[in-house]
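I opened the model today and kept notes as I went. The entries follow the order in which I looked things up.

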Amino acid sequence: MGLTNNDIFKKLRVAHKFRDDDIVQICALVDFKVTKSELGAIFRKEDHPKYVECG
């Protein structure tokens with residue numbers, strides 16, 4: 001069982017010390033709209049009912 005996109009995204013977030021606001025701004029630079037609540041769902045544990053897979 002390898003790393004999921006969510007796992008990689010979490011590791012990048014920690015390695016670069018990004019906050020939710022930083023990620024939202026970075027995504028906006030490439031015209032990708034994401035909200036803080038959507039990020040929260042991506043960063044949840046897989047067994048959480050509101051977990052969302054990162055595409």
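**Entry 1: the largest pocket.** I started with the largest pocket of this predicted model. Its space comes to about 180 Å³. I then asked which residues line the largest pocket. I wrote them down in chain order: Phe9, Cys27, Phe32, Lys33, Val34, Glu38, Leu39, Ala41, Ile42, Val52, Cys54 and Gly55. Sorted by kind, the lining has nine nonpolar residues, one polar residue and two charged ones. Helix H3, residues 36-42, gives the largest share of this lining, with four residues.

**Entry 2: the whole protein.** Next I stepped back from the pocket. How many helices and strands are there in the protein? I found three helices and zero strands. Read from the N terminus, the elements run α-α-α. The radius of gyration is 11 Å and the globule rule gives 10 Å for 55 residues, which is close, so the protein is as compact as a globular protein of that length. For the outer dimensions I noted a box of roughly 30 × 25 × 15 Å, filled by the C-alpha atoms and taken along the principal axes.

I also looked up the surface. The accessible surface comes to about 4600 Å², and carbon and sulfur atoms hold 57% of that. Of the 55 residues, 16% are buried. For contacts I took residues at least 6 apart in sequence; 38% of those contacts join residues at least 24 apart.

**Entry 3: Val34.** I went back to the pocket lining and picked Val34, one of its residues. Val34 sits in the loop between helix H2 (20-29) and H3. Is Val34 buried or exposed? Its relative accessibility is 12%, and buried means under 20%, so Val34 counts as buried. Then I listed its contacts, leaving aside neighbours within four places in sequence: Val24, Cys27 and Leu39. Cys27 and Leu39 also appear in the pocket lining. I took one C-alpha to C-alpha distance as well: Val34 and Ile23 are 8.5 Å apart in space and eleven residues apart in sequence.

**Entry 4: Ala41.** Ala41 is another residue of the pocket lining, and I found it in helix H3. At 10% relative accessibility, Ala41 counts as buried. Which residues does Ala41 contact, once its neighbours within four places in sequence are left aside? I noted Lys50, Tyr51 and Val52. Val52 is itself in the pocket lining. From Ala41 to Cys54, C-alpha to C-alpha, the distance is 9.3 Å, with their positions 13 residues apart in sequence.

**Entry 5: Cys54.** That led me to Cys54, which also lines the pocket and lies in the segment after H3. Not counting residues up to four places away in sequence, Cys54 touches Asn5, Asn6, Phe9 and Ile42. Phe9 and Ile42 belong to the pocket lining too. I checked Asn6 further: its C-alpha atom is separated from that of Cys54 by 5.4 Å, although the two residues are 48 apart along the chain.

**Entry 6: Lys45.** I stayed in the segment after H3, where Lys45 also has its place. Lys45 has a relative accessible area of 63%, and exposed means over 50%, so Lys45 is exposed. Asn6 came up again here. The C-alpha atoms of Lys45 and Asn6 are separated by 9.4 Å, and the two residues are 39 apart along the chain.

**Entry 7: two positive phi angles.** Last, I looked at backbone angles. What is phi of Lys17? I read a value near 55°, which is positive, in a residue other than glycine. Lys17 is in the loop between helix H1 (5-15) and H2. Its relative accessibility is 72%, so Lys17 counts as exposed.

For Asp31 I also read phi near 55°, again a positive value in a residue other than glycine. Asp31 lies in the loop between H2 and H3, the loop in which I had found Val34. With a relative accessible area of 68%, Asp31 is exposed, whereas Val34 counts as buried.

Key
Residues are numbered from 1 along each chain as its sequence is written. This is a predicted model: local features need pLDDT of at least 70, side-chain atom pairs count only at pLDDT 80 or more; totals for chains, interfaces and linings use all residues. Side-chain values use heavy atoms; hydrogens and water are left out. On a 1 Å grid over the protein atoms alone, a cavity is a set of points where a 1.4 Å probe fits but cannot get out, and a pocket is an open set with protein on both sides within 12 Å along at least five of seven lines; lining residues have an atom within 4 Å of a point. Grid points are joined across faces, edges and corners, and a volume is the space filled by probe spheres set on the points. Ala, Val, Leu, Ile, Met, Phe, Trp, Tyr, Cys and Pro count as nonpolar, Asp, Glu, Lys and Arg as charged, and the others, Gly among them, as polar. The radius of gyration is taken over C-alpha atoms; the globule rule is 2.2 Å times the number of residues to the power 0.38. Buried means under 20% relative accessible area, exposed over 50%, partly exposed in between (1.4 Å probe, protein chains only). Contact means heavy atoms within 4.5 Å. Accessible areas come from the Shrake-Rupley method with a 1.4 Å probe; for residues, only the protein chains shown count as cover.
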